[in-house]
Amino acid sequence: MTQDELVKKIKQVEKKIEIKRKKNVIFRYNAGDVVHQKQMEFHRCLKRNRWVFGGNRSGKTECGAVEAVWRLRGIHPYRENKNNVFGWVVSPSFSVSRDVAQSKILHYLNPDWIEDVVMQQGKSSNPGGGVIDYILVKNVFGGVSKLGFKSSDQGRIKFQGTSLDFVWFDEEPPMDIYDECRMRVLDKKGDIFGTMTPLLGLTFVYNRIYLNDGGDNEIWHTFMEWADNPYLDKNEIEAFSFSMSEEALQSRRYGKFINNKGLVYSEFDENIHIIEPFNVPKEWYDNLSIDPGLNNPLSCHWYAVDGDGNIYVMAEHYEKGQTVDYHAGVIKSICDNLGWHRDSFGRVVALIDSAASQRTLAAEKSVVELFLDEDIQVNPKVDKNLFSGISRVKQYLKGANGHGKLYIFKTCINLIREIKSYWWGDGDIPKKKDDHALDELRYYIMSRPESFKPMVKLSMIEKDKRRLSRELIRKRRNSMNQL
Ligand SMILES: Nc1ncnc2c1ncn2[C@@H]1O[C@H](COP(=O)(O)OP(=O)(O)O)[C@@H](O)[C@H]1O
Ligand SMILES: [Mg+2]
């Protein structure tokens, strides 16, 4: 073969590969100009327990299916790939599995990669029309991977005994099945991912995944809404929104967890209000605020304010069962680390719950006095009015112009958890659960000016219009009086 012929041959082969590639839908996934960024964020995250909470049609199942196919085939672009991968996809029922997860897997799985399909119901000649039990996939390392299709309504027993590399939950599983599946991935150091619309209220997923009440560093979540899905038709979005109540939209569109009573700080948005820590200029350092507790945690945060009145919650001390001198020690050392200012007597200054000035029968000194002994000058003259406090915090979360003025460093995990789990209870009072950090946040925010009264500058035309309508009303009233 001559040099020319060889080049020609190589070109032909390349072309064939290219055509094959184009036919292969998985290679087109988020590879063009239009990219679903939130899906890619999910794929890039290397944690072992990842969840996508999203509205219907926001793109959750799509990314779950691609994640699974990448893993089975051994072509995940961001993770270490393995041979002979064994995974499960768990759906609420077999019919949902067939219509949703299974159909997306078949969509993204190149037929050439399928070694075998074993059906549970229906014929393997037409797998899409029946319920698949498992699919065997040719892995690029030469082995064979296996994906089992499971249904939560089979009950936990059916989930016992196997060692898995991954489990994908499409829609929320019951807790016993989730726990069983966690056992299944232990041996192989596998991982779990879930894609779901939270429609069941405040279940274990809310507590264990979203709030991450166990503080598990391997747990990760993101939210997806319609606007994040660039493949969704604008008309489709409008038609959806039109037919839904605000409440339904919260879960169906935004994938937010709801219960009947609603969240107190429903304005709180993780994407806006939680920020990466940065070096705050010392001129912005403002005040500390403390909610003391003995059996309950003592909560203390460090607050800074910039020239535009934006508040930054920069640091956190949150601990229970400790004495005042212990807390004072920690607070002073955090102050030292931050280079926090002292008063002219070298004392740290802070706001504190006014109850701290009371002396209990058992104690000789009040909490205020105990802090003063430790060189912390706490000021108990705080505004404790619950309603004005909550409404001012809400103002700071979402002002008249829709922008927030309250930013929390992501390291303040207890404050963030409390905000996310603060629900209205009976009688329009928040449920008393964990509100230690929230109380102290309110005292601080009440010490700040009201966030922003909208300063509307009216145009001449608008002023004219308003004057005319006032006149019109006056004239009408006069003529009514004359009748
Ligand atoms: N990366 C993507 N590429 C192409 N289309 C997508 C992508 N992500 C989502 N879609 C489109 O959006 C639709 C809804 O996505 P899907 O994952 O089924 O939503 P969900 O599971 O959140 O209800 C899909 O049917 C598909 O048409
Ligand atoms: Mg789905």
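This passage walks through the cores, one helix, one exposed residue and the ligand surroundings of a predicted model.

A good place to start is the interior. The largest nonpolar core contains 50 residues, and within this core V69 and V167 have the most contacts. Helix α4 is the leading contributor to this core, giving 7 residues. Set apart from this core is another one, made up of 49 residues, including C300, V324, W340 and L351. Grouping of this kind fits a general tendency: in soluble globular proteins, nonpolar side chains tend to be buried together. Returning to V69, its contacts beyond the neighbours within four places in sequence are I26, I105, Y108 and L109.

Helix α6, spanning residues 175-184, offers a view of how a helix can be packed. Its buried residues are I177, Y178, E180, C181 and R184. These residues lie on the same side of α6, because they cover an arc of only 165° around the axis. Their packing partners are the strands β2 (86-91), β6 (166-170) and β7 (191-196).

Q37, by contrast, belongs to helix α3 (residues 37-44). This residue counts as exposed because it has 11 C-beta neighbours inside 10 Å, the cut-off for exposure being 12 or fewer. Q37 and P230 are 193 residues apart in sequence, yet their C-alpha atoms are 9.1 Å apart in space.

Finally, ligand 1 has 15 residues around it, of which G59, K60, T61, E62 and Y231 come nearest. The shell comprises 3 nonpolar, 9 polar and 3 charged residues. Helix α4 (residues 60-73) gives the most to this shell, with 3 residues, and α4 also gives the most to the largest nonpolar core.

Technical notes: Residues numbered from 1 in each chain as written. Chains lettered and ligands numbered in written order. Predicted model: local features only at pLDDT ≥ 70, side-chain atom pairs only at ≥ 80, totals over all residues. Buried ≥ 20, exposed ≤ 12 C-beta atoms within 10 Å, placed from the backbone. Helix = DSSP H or I, 4+ residues; strand = E, 2+ residues; numbered from the N terminus. Arc of directions from axis to C-beta. Contact = placed C-beta atoms within 7 Å. Near = placed C-beta within 6 Å. Nonpolar A, V, L, I, M, F, W, Y, C, P; charged D, E, K, R; others polar. Core = buried A, V, L, I, M, F, W, Y, C linked by C-beta atoms within 7 Å.
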